[in-house]
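Notes from a session with the model open in one window and a notebook in the other. I jot things down in the order I looked them up.

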There are 6 protein chains.
Amino acid sequence: MTQSASFQARPSGRTPDQLRSIRITRGFTRHAEGSVLIEFGDTRVLCTASVEEGVPPFLRGKGQGWLTAEYGMLPRSTHTRSPREAAKGKQSGRTQEIQRLIGRSLRAVVDMEALGERQITIDCDVLQADGGTRTASITGACIAVHEALDGLVKAGKLAANPMRDFVAAISVGIYKGTPVLDLDYPEDSDCETDMNVVMTGSGGFVEVQGTAEGGPFSRAELDSLLELAGAGIAQLVVEQKKALGIPA
Amino acid sequence: MTQSASFQARPSGRTPDQLRSIRITRGFTRHAEGSVLIEFGDTRVLCTASVEEGVPPFLRGKGQGWLTAEYGMLPRSTHTRSPREAAKGKQSGRTQEIQRLIGRSLRAVVDMEALGERQITIDCDVLQADGGTRTASITGACIAVHEALDGLVKAGKLAANPMRDFVAAISVGIYKGTPVLDLDYPEDSDCETDMNVVMTGSGGFVEVQGTAEGGPFSRAELDSLLELAGAGIAQLVVEQKKALGIPA
Amino acid sequence: MTQSASFQARPSGRTPDQLRSIRITRGFTRHAEGSVLIEFGDTRVLCTASVEEGVPPFLRGKGQGWLTAEYGMLPRSTHTRSPREAAKGKQSGRTQEIQRLIGRSLRAVVDMEALGERQITIDCDVLQADGGTRTASITGACIAVHEALDGLVKAGKLAANPMRDFVAAISVGIYKGTPVLDLDYPEDSDCETDMNVVMTGSGGFVEVQGTAEGGPFSRAELDSLLELAGAGIAQLVVEQKKALGIPA
Amino acid sequence: MTQSASFQARPSGRTPDQLRSIRITRGFTRHAEGSVLIEFGDTRVLCTASVEEGVPPFLRGKGQGWLTAEYGMLPRSTHTRSPREAAKGKQSGRTQEIQRLIGRSLRAVVDMEALGERQITIDCDVLQADGGTRTASITGACIAVHEALDGLVKAGKLAANPMRDFVAAISVGIYKGTPVLDLDYPEDSDCETDMNVVMTGSGGFVEVQGTAEGGPFSRAELDSLLELAGAGIAQLVVEQKKALGIPA
Amino acid sequence: MTQSASFQARPSGRTPDQLRSIRITRGFTRHAEGSVLIEFGDTRVLCTASVEEGVPPFLRGKGQGWLTAEYGMLPRSTHTRSPREAAKGKQSGRTQEIQRLIGRSLRAVVDMEALGERQITIDCDVLQADGGTRTASITGACIAVHEALDGLVKAGKLAANPMRDFVAAISVGIYKGTPVLDLDYPEDSDCETDMNVVMTGSGGFVEVQGTAEGGPFSRAELDSLLELAGAGIAQLVVEQKKALGIPA
Amino acid sequence: MTQSASFQARPSGRTPDQLRSIRITRGFTRHAEGSVLIEFGDTRVLCTASVEEGVPPFLRGKGQGWLTAEYGMLPRSTHTRSPREAAKGKQSGRTQEIQRLIGRSLRAVVDMEALGERQITIDCDVLQADGGTRTASITGACIAVHEALDGLVKAGKLAANPMRDFVAAISVGIYKGTPVLDLDYPEDSDCETDMNVVMTGSGGFVEVQGTAEGGPFSRAELDSLLELAGAGIAQLVVEQKKALGIPA
């Protein structure tokens, strides 16, 4: 059977539909209102959520909040050292793409009117990279933001947590001809098609970004990738709830 | 019937599956090796392809070519004037995302080994914007690159045109509850889901980028958007071939 | 006769005192309050004028308006591709010189008190370059600004158009020993003296910028260049008025 | 007695000559040739050492190596969020001062001729800040560099580790009139004099940087601060050796 | 008589055709190959010429030299402090215009073939500004470059000084209706027309840059300004020769 | 005797404890509220103090003033030309370190409450460099600031000069084994230990910055350097007072 053949083929020995081991550490640092270290196997991202009263000028007086995200990789989170963006004096196109994606994903599940005139700033900093840093970032940021919003409830500033649903993300791809879930770096560097999927806890799509790395991909391949992603994200949401002590 | 109801709803009066009128003007400017003005209704983008002998340092001596793309909007291509990026001293995250997308899309259909140690630089400059500038850019750039590669064949530098297939792009979205093709600016500003699809002439997917602007979207919505996009792109490829004088 | 001898020498076959063919297309794009495509032979510049209520901080409350200009060249408007200034992160000294010149030239003919607390921003973007882009820019910008100011009159915001006079510009130079009008690129690259002259419709000088490219030039040469320029600008003003439907 | 009175005064309850608890975790991340998480109480810095064959152009062919350092703080390592330097597009003067200090300190103990034509790049990234980030950085970087150099020995590229001595750093200051060792953030924000001292394992001075934050300080105060620092650094070197498994 | 009336009008009490007192101090600093402090009244500019063996890449192997210029104002050379350009991170359009003008002016009189593959870099730094900094810069730079070239002759690297002619510059303008020579700051801030003229020792024009600050200027005014400028520059060349010990 | 032996060794022939000749020229430029040219031998720095009413936003309404400093070197103040920081678009780490040091040193002696809501900006621009530019800058800036504050007293804006004490700075170092005062460039480039000391007129320390350039330095060496520095600074304060006409 093709599936079992391809199972052998994953460098990590995982089955095609198997996530890496997921670890979530809340309160990893102590200053931020929300602080989570999330690990997808060897990929480790520190996600913090910072709350500030007030909103940027373009939103003042509109009675709603704002949420934005920034992303960075430590220079030696990667196999060979990458130049420090602060030293180069600019963020790469890739960095900007990822931080825009994280921001959109989280804004999709937070009720900005309920948040009131406050700003949440997410920082996702990659301590160690082994593929999937953007999906780990979104998944971890959701927990950090939830934590920060809980803090506003506890402080009596909000009546209820304005996060309407969970949001999580995973990568899928066609690796050596087989659709696989949660690509690690060796797979990511060598796959034919790469797709990042962001979904809510209730199974709606927030973002779908698929790219043909080798030849174009077919509709059938797209469908099987979306299936894999949906199943993977359902597992991630279970982990998010467990970390927050929320019943599944 | 829902379809006919929604038909009424498009600000332009188009049916849900109707493209705007497409106009392609080859040779719009005279210095570039390929130069095309492409219009999707009121959206007008000048796409040029420049050929240079040699490749960037990271590719030297590997016997293959390179293709890269840049994108810009004239400050008053938009409804209200946007600041000039050259004056601000940096390109926005949106600009970088789009130019990376254009580059990936075209690299997917050009055989870099067959191109040899040459670099193609695509410039997509928006003269007038009314939604869909990135899809018009990709669709126009394909023609400009084809034209430039034809020039290399005519000059005897290449035996055959190294473009393996056509590539075109279109936006689709859920507008007032109905899936529609080729969003113009009023639709784009007010749609619930926005998706850009890049496909080859033979119907393979090169990029799929869908974003929930309002609530999350369902798998059924995603499927109907992909159908619309596929039909639209097939029409665009017919126009590309017509413009290049290639039998359909 | 020297004149007829030199006539042979112009690469374009023009007589020394002959302008290139001038084409003016109003309303070339639709969002800007004034939008003009101006062509001096193969040089094509899109000039837009944008009106904004309010003035920069240093003028607030002084009861007067402001006018500023920006200039850019599309990367492949030139014979070989020029790097995109937005990508380099800075405007060249040449770009800044030209946009300062355009701004000064137009400010010289607009009554800032009559304009009131409004700002006009001119954008001159070169779609195709063949010499004389700065003079075409000034000549076209004058029409675009006039158009935008007419719009303010039609909207009842101004009692009368605050443009006091027309302004136009032309280059002149010593080419192979003969003073010639309106240099195109082959002449510009190879002339001994290059001068840009900006004058009003009533014949006053706004700017005179002459540069010795080869050896220094004499007072007699300067005088003959100024004569040529004056005659050329008078013709340009006739074209401007024709385009605006104003009797000569 | 003054000493015991001041002892009461430290916010942390430490005695004047008491270091915070020091924790050193080797191999905190896996890609770098040397990787150490160092903690001085709540201050946590990830120090990595990256080895690259070859040296910068100014040293090529001189038969010696080079070592340089970069420093950064994660935006929410601090009590309130600090802007991300990569997003601002420049490193602050403080950041540059610190990374220059780290580089000089480590170059003082590595034999550049023995290193050969290789470059060591140190990255010190502050995950959590509570005072003393530059001293923790130097102390941790020494271990990471030692580790990386040991790797070169194990790989047979060097005959012996070219680190000639250990180097460590500590802050001292006058807090409420008493000289104290290893200032934490509450002390650092409120001290009269602040001094950073860098010394070798054999007790030589590498850097002394003292600053009067309130009034000027006297020679007697300077002397007592240097005593405290010397004793503190001796303890740090014991910890460094313990972490590296080197007998004291 | 108009002239004598206007004479009263100059804030400095100078006659319309009177230069400010000119002072030239050679060897003002000791490291540069040419170093001149030039003073036009209260305007003081330090001009240095630096010689470097070799030329920029675009000229390599062509057997000719290069000359380039940079210009700056000390922040408090002006009446109120101007922001430091190094701190702002960019040179203003005005600065770039001026340094390009200085470079062109000097290149007009130096024989680049005779110079050989060497680069001269001129630095004009304004210590105190009172109008006319660009004209003082050009006039002083000519002496500094001459000095530096003399040094190459003395060192046996050149057979003869490759400066073919002197070059000097002066401003002229219409102040309160009268053409005047060498505008100081109070005149410059309040004149109707402002012109900078660069001429050679033998009376040829190198640059003419006239700008209408108030209303447009007439051909008669232009002529009288050029007369004044020519006479002023002749005096400046006398001073340049005197400073260099060259017989008039 | 060692001292007399080492005396021979200083390239300048100075004794180990001998300052270079100090020259202070007040009123070197005329626009700034305080303007001093200070010379330590061949090192020449122009120090200006500019007074502005008002303070930066972070201090508004707190009833206190602010003082900040900027530093720059003219490109050819050095032996070989250094790139102009304004042209490079950024200030080096060294420049930022020095300007931060100058600012801290002067803030240590000015009573910010007594100054009121005003800002003093110091500019230290090196006209010629021969070692010790930062210490000359601090020493000269003190006089310029004093002068500017005297002006505020004379203008009736302040009852008394808010400078509480003088501040001056000097470098010391171990040169060929002997501690020496006030290093010039040849000594600075070749010393084993380099220390900059900033002290008040009454002998308190404001900054001590010592760096091992060769091997680490001992406590005994540190002590002898501090002795030399103290004596040198006492002489500088005498010169400062003399320049200001204040009895010693």
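**Entry 1: chain D against chain A**

I began with one ion pair: D:Arg84 and A:Asp123 meet through their side chains in a salt bridge, 2.7 Å from N to O. This is a predicted model, so I keep in mind that side-chain atom pairs count only at pLDDT 80 or more.

How many salt bridges are there between chain D and chain A? I get 16 salt bridges for this pair of chains. For polar contacts across the interface of chain D and chain A, the rule finds 24 residue pairs, both residues at pLDDT 80 or more.

Next I asked which elements supply the chain D side. Those giving two or more residues to the side that touches chain A are strand E3 (43-53), strand E4 (66-73), helix H2 (85-88) and strand E5 (118-128) of chain D. E5(D) gives the most, with 6 residues. Sorting the residues on that side of chain D by class, I have 12 nonpolar, 12 polar and 13 charged.

Then the totals. The contact draws 37 residues from chain D and 37 residues from chain A. The area buried between chain D and chain A comes to about 2,900 Å², with carbon and sulfur atoms giving 48%. In chain D, the residues losing the most area to chain A are D:His31, D:Arg76 and D:Arg84, together 25% of what that side buries. So D:Arg84, where I started with the salt bridge to A:Asp123, turns up again in this list by virtue of the area it loses.

**Entry 2: chain E against chain C**

I ran the same lookups on another pair. Here 26 residues from chain E and 26 residues from chain C take part in the contact. About 2,300 Å² is buried between chain E and chain C, and carbon and sulfur atoms give 50% of it. On the chain E side, E:Glu97, E:Phe205 and E:Arg219 lose the most area to chain C, together 26% of what that side buries.

The rule finds 6 salt bridges across the interface of chain E and chain C. I looked at one of them: E:Asp223 with C:Arg219, where the closest N and O atoms are 2.7 Å apart. I also noted 16 residue pairs in polar contact between chain E and chain C, both at pLDDT 80 or more.

Helix H3 (93-107), strand E9 (205-212) and helix H7 (219-244) of chain E are the elements giving two or more residues to the side that touches chain C. Which of them gives the most? E9(E) does, with 8 residues. The class split for that side of chain E is 8 nonpolar, 10 polar and 8 charged residues.

I then followed E9(E) across to the other chain. Strand E9 (residues 205-212) of chain C is joined to E9(E) by 5 bridges, and the two run antiparallel. One pair I checked: C:Glu207 has E:Thr211 as its bridge partner in E9(E).

**Entry 3: a covered strand in chain B**

I moved to strand E2 (residues 34-40) of chain B and asked how much of it is buried. The count is 7 of its 7 residues. Both faces are covered: B:Gly34, B:Val36, B:Ile38 and B:Phe40 are buried on one side, and B:Ser35, B:Leu37 and B:Glu39 on the other.

E2(B) has partners I could list. Strand E1 (residues 22-26) of chain B pairs with E2(B) in the antiparallel sense over 5 bridges, with B:Phe40 as the bridge partner of B:Ile22. Strand E3 (residues 43-53) of chain B also pairs antiparallel with E2(B), over 7 bridges, and there B:Gly34 is matched with B:Ala49. E2(B) and E3(B) make a hairpin with 2 residues between them. B:Gly41 sits in that turn and has a positive phi of about 60°.

**Entry 4: two single residues**

D:Gln96 is in helix H3 (residues 93-107) of chain D. Buried or exposed? D:Gln96 counts as buried because its relative accessibility is 11%, below the 20% cut-off. Its side chain reaches the backbone oxygen of D:Gln91 at 3.4 Å. Leaving aside neighbours within four places in sequence, D:Gln96 is in contact with D:Gln91, F:Gln91, F:Ser92, F:Gly93 and F:Gln96.

Last, B:Ala234, in helix H7 (residues 219-244) of chain B. With a relative accessible area of 44%, B:Ala234 is partly exposed. I also took a distance: the C-alpha atoms of B:Ala234 and B:Arg76 are 32 Å apart, with 158 residues separating them along the chain.

Note on methods. Residues numbered from 1 in each chain as written. Chains lettered and ligands numbered in written order. Predicted model: local features only at pLDDT ≥ 70, side-chain atom pairs only at ≥ 80, totals over all residues. Heavy atoms only, no water. Contact = heavy atoms within 4.5 Å. Buried area = accessible area lost by both parts, 1.4 Å probe. Salt bridge = Lys/Arg side-chain N within 4 Å of Asp/Glu carboxyl O. Polar contact = N/O pair within 3.5 Å; in protein donor to acceptor, adjacent residues only side chain to side chain. Helix = DSSP H or I, 4+ residues; strand = E, 2+ residues; numbered from the N terminus. Nonpolar A, V, L, I, M, F, W, Y, C, P; charged D, E, K, R; others polar. Pairing = 2+ DSSP bridges. Buried < 20%, exposed > 50% of the residue type's maximum accessible area, 1.4 Å probe, protein only.
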